[in-house]
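Ready for a little practice at reading a protein model? Keep the viewer open and try each task before you look at its solution.

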Amino acid sequence: MVKEIPSPKGLPFVGNLFDLNDEVPTRALERLADQYGPIFKLRTLGRERIIVADHELFEEVCDETRFCKATGGGLASLSSGSGGPKGLFTAPSEKDTDWAQAHRILMPAFGPISVRGMFDEMLDIAEQLVLKFARLGEAYKIPATDDFTRLTLDTIALASMDYRFNSFYTDGMHPFVEAMTRTLQGGQARMRTPHIVQMFMFSANEQMRKDSEFQTRLAVDMVQHRRDNPTPKKDLLNTMIYGKDPKTGEGMRDELIAANMVTFLIAGHETTSGLLSFTFYNLLKNPDTFFKAQQEVDRVIGKERLTVDHLKELHYLNAVLRETLRLTPTAPGFTRRPRDENKEDPVIIGKGDYVLEKDASVFCLLGKIQKDPKVYGEDANSFRPERMLDEAFEKLPQCAWKPFGTGMRGCIGRPFAWQEALLVTAILLQKFNFKMDDPSYELQIKSTLTIKPKDFYMRASLRPGITPTSLQQSLSALLGETKVGELQEAHESKEPKQDGNCKKLTILYGSNTGTCQALAQRLTSDARQHGYEASVADLDSAVDKLPKDQPVVILTASYEGEPTDNAAYFFAWLQSVTGDKMFDGVNFAVFGCGHSDWAATYQRIPTLIESLLESHGATKFADRGCANAAQGDIFSDFDAWADHTFWPSLLSTFGSNASNEEAGVAAPPRSKVEMEISTDMRSSQLQQSVLQGTVVSAKILTSPGEPEKRHLEVQLPEGTEYEAGDYLAVLPLNPDESVKRVLARYALPWDATVTVKSGGPVNLPENTPMSAFKLLEGFVELSMPATKKNVEACMNYTDHEGTKSALSSLSSSDYHTVIDQRVSLLDLQDQYPRINLPFAEFLAMLPPMRLRHYSISSSPLCNPSTCVITYGVIDAESLSGQGRFVGVAGSYLSNVRKDDQIQVSVRKSNKSFHLPSNTDTPLIMFAAGTGLAPFRGFVEERASLLSTGRRLAPALLFIGCRSRTADRLYGDELDEWAKVGAVDLRYAFSRESDASEGCKYVQDRMLQDKEDLVGLWDQGAKVFVCGSPSMVEGVRGAALQLVKEGKAQEGLEATKEESEAWLRGLRNERISVDVFA
């Protein structure tokens, strides 16, 4: 039965133009595909277009007997102003005489033998890139897309036309690239602009004309130069100038040659530079694949100079490139239409479901087609090169991978691009280790008619055993102005200057939220007192560079059982290392942070790092320390380990150059921060790795008198993307009340200005005058419980015996009261006014301000540019008895208003905590309080899908709250979504259990509705849990009871341990848990 092709409702005249309102148009199309399914239609500016977004329909429209390529809107706009012949890229049809002639003449020039003959020129340009990275060293922040654009433009020009743009010898991009970029952007803009409006775009039209003329003139000049200076070289340019059409015997006229040269210069470098940029993003975001690829390069090429014969042995690297083009095809789609000679009337696709007009335009959305879960499975969105290894690749269904187009009009330069990409990736992996400049970077896209990563930066360091001198000797490319001495200097200059009177210590950290980084800074500031000069860096910077001439201490956390963003590369490297003597001479110690609520993965990464280092020959000089965030006192745990384990072990093993005073023996405490305080000026400076978001709306969700829960909608920074289930990280400010307490305590006027003269254990800007208020408000944590070391330090700043005695007890047997009552360093001083702690010392003791992570409670299908968070506000009598305790982030957010700016960034949640890609998978969700947040996003997305006619599997949501009227968050919305079938709600009201079938808590409702729950589980449901530790534990207990009952019905018995092991085995597969404190 024929079905109507779904479509978003359009507006008069413009149709669906605003549905495509995105700086990356294909991203808008992908969102629409998520909503409307594998086929939908759009009408824009009077033109109708069908979009196909799954493999089965795509395979039909790739049938060359029924369909052919159509020059889509972007390509048509790109060539509309030239008036002359069209290149292969933009020709309207294979029936076009110019296209047919050029295609027949040029096919041999792109054959395997011809492309193989271009290897040396490709290697020449690749070695120029290698020399640039070596010359500039690790200090160079590599703009990946720009440098790969230079590389690919120079490569296509030299290898196919024997012309040198010399892009690596100028600071800016070549004028051809600038003109091309403007032309591509103009072509994309014209796709969304009415023709009548285009007529009045005088300035843009004139610029496009100039750019087109410049590109054509450059090509004509290159043709003339070759005619004036003939060469026997069998390159692409000679083929076009001297080649004859095997069918007609005619040659190509100069205008057609120029048009195709422009085509090759654009298409031949734009897409390949995107492929290389996406490849390195994928390798660095998935560092285990980076080291697999690098190991293959080492095995195949070793230290030899790369040759063309090596390339055929790089099977894994081939798979990396294939998988990259599957996930991010740089040409993200192409257009097909029914052939003129197709006699079908009407044209039908989708097994008879959909009817197409004879002149239909069908856009094939590769970004969705090549991630079809029916072909690639539930992990279709994941980067997994193994699925693209030779044998597996050959078994893929026809048309499952088409990044180069299809049929006769497919990319003629595919062999050229592939050899170039393989060569460049191999030589870079052979010579360098890479890391992301920002380990937390998430992929952003910029779009012309192709796509590339936006704002993606890397850093490169020469691999061990490779020096600038040996590198120069191994490369055949001319050094030009780059001297070996300059290369050597670039690398030597990176070494930090060390104090000759101190021993060296390396401190490495892995940190997402800033805690381990703060611990590293704390240890750094203590090092000098023990006679050590410490250098501190993230773990990723130590790949292939673990020092053997000094002790190393590693401070790292586990993030849901995985390494932190800035330790993932290091951890993957450790796992890839072979040989039990690799780390002979490395002396190390490890301190780990974790949360015992994630019992199955608690301390996993610190433990594995320690065992991997030992198994490869490193020597542990101190027992591993650990801190449990569930107990709320990471800093005291760290101080205890540092003072009683780490420093004693370090000093007994390696000694110290410190005097007694420096070592802290019977010496009075010294301020760790030197500063000047001025009251006649004020300034503010905040430097954080977050971007500005704008508050769209804010509202209270709970009734008066209830613990306050709030809703906040934020306009995200430009280019930011998210999925339902991700986090929004917020950088808060301390409450005014807390800052004023500090100023009052130290008798500082409101406009006092602080200039920090020397660094301390926190991220304080040095030598920059700053308002004391702003410094306290935004740079340090004022409400964190005082550590044992803080309490002990306070004893040195009082002469009052009663105060000393009380502090002595608090630092030992009574310290639990500090944690239980959350007694901050400021509270401690208010409680014991005889403490005379200097302001500088007070500031030095405070940890740096941390990001707070909130589950996003909205779906990008509804609005991709904004997101919603749901949070609680804590404002209650302080347990310490010192005034009120005001939660930092909740208080900050509760005071922002519409149009206020806040500093935010999107952070990915565990990859399993997202909606399954297969909408036939049922869902079971458990939440209490603000734990509802991610599930509001899930249900909102499901409601959006249903509104487009999509069919979904059932979803069951168990919610715990107090009552129907007091704190039923988003109650009206959820009720409406339940009516349309987006969710089945099961409440547990702790204060009105009679309104929830006698169930007080979520676990009670689980057992009450166990038949429905077990029924969905048996249908393959995926389970999500979000809430406090006690709520999660309650759900876990009920789940164990259901497992036991299920086994009993089968006549089997299961011990508690067996049931727990069974549930653990499903974690992050069918069961995903997010616990918040």
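The exercises below go through a sheet, some aromatic rings and two charges in this predicted model.

**Exercise 1. Find the order of the strands in the open sheet, and work out which strands stand at the edges.**

Step 1. Trace the 5 strands across the open sheet: the order is β1-β2-β8-β5-β3, with mixed pairing.
Step 2. Look at the two ends. β1 (39-44) and β3 (67-70) each have a single partner strand, so one side of each is left without a neighbour in the sheet.
Step 3. Now follow the twist, which averages 35 degrees from one strand to the next.

**Exercise 2. Describe how β5 and β8 are joined, and find the residue opposite R336.**

Step 1. Strand β5 covers residues 333-338 and strand β8 covers residues 362-365; the two run antiparallel.
Step 2. Count the bridges between β5 and β8: there are 4.
Step 3. Go to R336 and look across to β8, where V362 stands opposite.

**Exercise 3. Which strands does helix α1 touch?**

Step 1. Select residues 25-36, which make up helix α1.
Step 2. This helix packs on the sheet, and the strands it touches are β1, β2 (47-52) and β8.
Step 3. Compare directions: that of α1 makes about 130 degrees with that of β1.

**Exercise 4. Classify the aromatic pairs Y36–F40 and F404–W418.**

Step 1. A pair of aromatic rings is described by the distance of the centres and the angle of the planes.
Step 2. For Y36 and F40, the centres are 6.4 Å apart and the planes make 40 degrees, so the pair is tilted. Both Y36 and F40 are buried.
Step 3. For F404 and W418, the centres are 6.2 Å apart with 70 degrees between the planes. An angle over 60 counts as edge-to-face, so that is the class of this pair.
Step 4. Place the second pair on the chain: F404 is in the loop between α18 (390-394) and α19 (414-431), while W418 is in helix α19, 14 residues apart.
Step 5. Check burial against the cut-off of under 20%. F404, at 15% relative accessibility, counts as buried, and W418 does too, at 14%.

**Exercise 5. Which residues form an aromatic cluster with Y532, and where do R322 and R1070 sit?**

Step 1. Y532 shares one cluster with F591, F621, F638, W641, F646, W647 and F654. The structure as a whole holds 42 aromatic pairs.
Step 2. R322 lies over the face of F393, at 4.1 Å from the ring centre.
Step 3. The charged end of R1070 sits over the ring of W1017, at 3.5 Å from its centre.

Terms used
Residues are numbered from 1 along each chain as its sequence is written. This is a predicted model: local features need pLDDT of at least 70, side-chain atom pairs count only at pLDDT 80 or more; totals for chains, interfaces and linings use all residues. Side-chain values use heavy atoms; hydrogens and water are left out. Two strands pair if DSSP finds at least two bridges between them. Axes are lines fitted to C-alpha atoms, for helices over the stretch in contact, and angles run from 0 to 180 degrees between N-to-C directions. Contact means heavy atoms within 4.5 Å. Rings of Phe, Tyr and Trp (its six-membered ring) pair if their centres lie within 6.5 Å; planes under 30 degrees apart count as stacked, over 60 as edge-to-face and the rest as tilted. Buried means under 20% relative accessible area, exposed over 50%, partly exposed in between (1.4 Å probe, protein chains only). A charge sits over a ring if NZ of Lys or CZ of Arg is within 6 Å of the ring centre and within 35 degrees of the ring normal.
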